[in-house]
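Dear colleague,

Please find below the structure that I am handing over to you. A summary of what was found in it follows.

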Amino acid sequence: MSLLGKKALDVAANLGRRRFLNSAAALGAVTVGLAACKENTQGSAASAPAAAPAPAASPKTAPKTEITAAPETRGFVGGAGSTEIHPGQLDTHYGVWSGGHTGDARILGIPSGRELHRIPGCCPDPMVGWGWTNESKAVMGTKPDGTLEFTTGDTHHIHCSYKDGIYDGKYAWVNDKLNARLVRIRMDYMVTDKILKLPHVQGFHGIFPDKRDPVDPNINYTTRVFCGQEFHVPLEKIDAKTVNDDANYGCVFTCVDAEKMEVKWQARIDGNCDLVATSFDGKLAGTNQYNTENGVTYPDMMSAEVDACLIFNVARIEQAIKDGKFTHLGNNKIPVVDCRLDANKDPKTALAVRVPVPKNPHGVNATPDGKYFVCSGKLSPTCTVIELQKVLDWFDGNLDDIAKAVVAEVEVGLGPLHTTFDGRGNAYTTLFLDSQVCKWNIDKAIKKYAGDKSVNPIIDKIDVMYQPGHINATHAETIEADGVWMGVGNKFSKDRFLPIGPLHPENDQLLDITGERMVLVHDTPVRGEPHDFVIFKREWLNPKQVYDMDDFPLAVHSAEEAGVTRNGNKVTVRIVAFAPAYEPNVFNVKVGDEVTIILTNIDRVEDLTHGFGLPDYNIQFLVNPQETKSVTFKADKPGVFWYYCTNFCHALHLEMRGRMIVEP
Ligand code: CUK
Ligand code: CUA
Ligand code: CA
């Protein structure tokens, strides 16, 4: 509280139902009070923002530019069009969101904000039977007894596969921070098809696919996914000494083969990895590091005034592996290269270089023109612009000091976290503490940093509700950033929606960024906690509506193929579903049998999905048109069990059922 200005306290006293959070997300005084501590100025042109807390942990002061007004006072109507999608109309854009601690991914229509789909990955989802069917269990991974190894997850960052600098609609990847898994989603069917557990990694945070190969010009598409490790752990071996001695802890940076979903290589690093970005030429991958101190406590992690963005030379690392310059961690076969500082002092041979960035940066984002990485300051009120050609120059021995790759440090406001771009040379950075988005011009920031005091790179600021994290504009992670819509993921919604008890939704907001000034146009309540997302026009994706039966080796093609076969106490029951019936609609097994049910939906009609629920056996799943799924269980309860269709499919949907008779 001591860090809040008097005005903020006055505001707090008068807030009424706008509950004043002063401790949520607080990291202690030393972190400048990362808390929701600001009045809602939206809709009230007269009110100024609450006094900003002083950036105690930073030598910098807040920028002077304060442009804050409700959009209705701005005299500007956005050029992106209406967010209202009328009945029967389609959204113009897809939004692909991570789900956070629901462990899923989500598809939203933009600009309406309507949630269209959830794609389960690391966690079971009874809606579709994810985690119940044999096929989904095989993707998720099981223990020797056949039960799932993990049933919870925490998905943060979602990015799509590239070709020629734009999305090719093939895959999306999302990280599971909790259990260090990389989840791949097939975008043609919008289902998870592979999950990879990363060895040695805890706190798997940033991911980014590459955009082309660093060497082979013919490979102009994604073949790698880079993965960062946020938490330090003992890497060499685990014994009573190493687990207690944090001087022995370390982190790795992991490169995954995008197609095979296998680890290609890992790199030992100093410090940690937070988020990850890749260059458009395929040559560089970077990760911002907030814990260059290798600390395990707050004071440790925040002791240095300068942290870093660690940038990897992908071609050199892979050449070193070809040349046999690698070791192993543990007893797996994964090549591990040394990207620690001591081993990489000579630019001519260095595999990685550390670019200095002020205090505990969060987020690193590649500009759509391919020229820069932008790191957001978090505990410094600045964004740092790193020129990638200068980084390449350093690797070539043509830049004497890597600090010279920093070409701008622009003061944007308090608590900068993530940055996006409009393709017109402007950047948009979320300010967590200020509850604002700051629009700034990259070229002007560079000019100012070079000494031209007359330029002001700050173009606009707008209040968002409240405490924003990720931000992304249409196509902003591609070469076709078009600066039309911009999403902002706010961590707090407070008073923006009807009260629903103590757990509030979060607030994903949409802004129109076609003009000089940003316009807030839509609030979408979302179930916690989507972190990251990308938004792209619907033409870039063409999902299929009906499966191809040939893709399923177990498919039951017709009622003639349906029926029961027995092999000892293993019973296989092949069933077809076609509205509104199952064939067979009765079968017999004996107590103690191991029963496998294989179910094919032979309907070909779009949107004609059937369910399969088996009472008291805790089984439920969906089969979409032409899809086959299976479940295996032990018939341990005698009696009559009506399996029934759980998904409304027909006027006789309620009659769509059959009996499993378990004989004692
Ligand atoms: S982190 Cu969540 S707001 Cu995991 Cu991308 Cu920055
Ligand atoms: Cu099939 Cu309801
Ligand atoms: Ca630090």
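Helices, of at least four residues, and strands, of at least two, are DSSP runs, and both are numbered from the N terminus. Please bear in mind that this is a predicted model.

Let me begin with the chain as a whole. The chain contains 7 helices and 40 strands. Of its 664 residues, 57% are buried. Among the contacts with a separation of 6 or more, 60% are made by residues 24 or more positions apart.

Two peptide bonds deserve your attention. Most peptide bonds are trans, and most residues other than glycine have a negative phi. The bond from Met-465 to Tyr-466, however, is cis, and its omega is near -15 degrees. Tyr-466 sits in the loop between strand S25 (458-463) and S26. Also cis is the bond from Glu-583 to Pro-584, where omega is near 0 degrees. Pro-584 belongs to the loop between strand S33 (581-583) and strand S34 (586-590).

Two aspartates have a positive phi. For Asp-607, phi is near 70 degrees, and this residue is placed in the loop between strand S35 (594-601) and strand S36 (610-614). Is Asp-607 buried or exposed? Its relative accessibility is 72%, so Asp-607 counts as exposed, the cut-off for that word being over 50%. For Asp-616, phi is near 65 degrees, and the residue lies in the loop between S36 and strand S37 (619-623). Asp-616 is likewise exposed, because its relative accessible area is 59%.

The model also includes ligands. Which residues surround ligand 1? They are His-156, His-157, His-205, Leu-275, His-362, His-418, Gly-469, His-470, Lys-491 and His-531. By class, this shell has 1 nonpolar, 8 polar and 1 charged residues. S4 and S26 each contribute at least two residues to the shell.

Ligand 3 is a calcium ion, and its protein donors lie 2.3 to 2.8 Å from it. Backbone oxygens, labelled O, come from Tyr-290 and Met-301. Glu-293 and Asp-307 each appear twice in the list of donors, through OE and OD atoms respectively, and Asn-360 provides OD1. Along the sequence, the donor residues follow the spacing Y-x2-E-x7-M-x5-D-x52-N. Tyr-290 is in the loop between strand S14 (284-289) and helix H4 (298-301), while Met-301 is in helix H4, so this pair ties together parts that are 11 residues apart in sequence. Tyr-290 counts as buried because its relative accessibility is 11%, where the limit is under 20%.

Finally, there is the empty space inside the model. Rolling a probe the size of a water molecule over the atoms shows where such space is left. The structure has 7 cavities of 30 Å³ or more, and the largest of them holds about 100 Å³. This largest cavity is lined by 16 residues, of which His-159, Leu-275, Val-364, Asn-365 and Asp-532 are the closest to its centre. Strand S4 (155-163), strand S8 (204-209), strand S18 (362-366) and strand S26 (468-473) are the elements that give two or more residues to this lining. By class, the lining of the largest cavity comprises 6 nonpolar, 8 polar and 2 charged residues. Leu-275 is thus found in two places: in the lining of the largest cavity and around ligand 1.

Yours sincerely

Technical notes:
Residues numbered from 1 in each chain as written. Chains lettered and ligands numbered in written order. Predicted model: local features only at pLDDT ≥ 70, side-chain atom pairs only at ≥ 80, totals over all residues. Heavy atoms only, no water. 1 Å grid on protein atoms, 1.4 Å probe; cavity = no way out; pocket = protein on both sides within 12 Å on 5 of 7 lines; lining within 4 Å. Points joined across faces, edges and corners; volume = space filled by probe spheres on them. Nonpolar A, V, L, I, M, F, W, Y, C, P; charged D, E, K, R; others polar. Near = heavy atom within 4 Å. Donors = N, O, S within 2.8 Å, 3.2 Å for Na, K, Ca; no water. Buried < 20%, exposed > 50% of the residue type's maximum accessible area, 1.4 Å probe, protein only. Contact = heavy atoms within 4.5 Å.
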